[in-house]
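Hi there,

Here is the structure I promised to pass on. Have a look at it first, and then read on for what turned up.

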Amino acid sequence: MAKPNYSFEKRQRELAKKKKQDEKEAKKRAEREARAAAAGPAPEPEPDSDPAG
């Protein structure tokens with residue numbers, strides 16, 4: 001009987017955890033972008049004064 005490859009199993013668990021975390025982050029990012037789009041474009045800051053003097 002072959003011995004178990006615990007390193008492989010651990011790596012697979014780590015990859016699954018990272019994939020799940022990335023999906024969650026992508027979902028949050030999409031929700032933030034949707035909220036920002038619904039709120040309207042952010043006004044651009046106006047320059048305080050002429051930098052030339």
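A quick definition before the details: a residue is buried under 20% relative accessible area, exposed over 50%, and partly exposed in between. Please also keep in mind that this is a predicted model.

The overall picture is quickly told. The protein has one helix and zero strands. Of its 53 residues, 0% are buried. About 5700 Å² of the protein is exposed, with 54% of that supplied by carbon and sulfur atoms.

Now to the side chains, where the count of salt bridges comes to two.

One of them joins Asp-22 and Lys-18, with 3.6 Å from N to O. These two residues sit four residues apart in helix α1, which covers residues 6–39, so about one helical turn separates them. Lys-18 has a relative accessibility of 48%, and therefore counts as partly exposed. Asp-22 is partly exposed as well, with a relative accessible area of 36%.

The other salt bridge is between the side chains of Glu-25 and Arg-29, at 3.5 Å from N to O. Here too the partners are in helix α1: Glu-25 and Arg-29 are four residues apart, so the separation is about one helical turn. Glu-25 comes out at 45% relative accessibility, which makes it partly exposed. Arg-29 is also partly exposed, with a relative accessible area of 36%.

That is what I have for you on this one. Happy to talk it through whenever suits you.

Best wishes

Key: Residues numbered from 1 in each chain as written. Predicted model: local features only at pLDDT ≥ 70, side-chain atom pairs only at ≥ 80, totals over all residues. Heavy atoms only, no water. Buried < 20%, exposed > 50% of the residue type's maximum accessible area, 1.4 Å probe, protein only. Areas by Shrake-Rupley, 256 points an atom, 1.4 Å probe, with all protein chains shown as cover. Salt bridge = Lys/Arg side-chain N within 4 Å of Asp/Glu carboxyl O.
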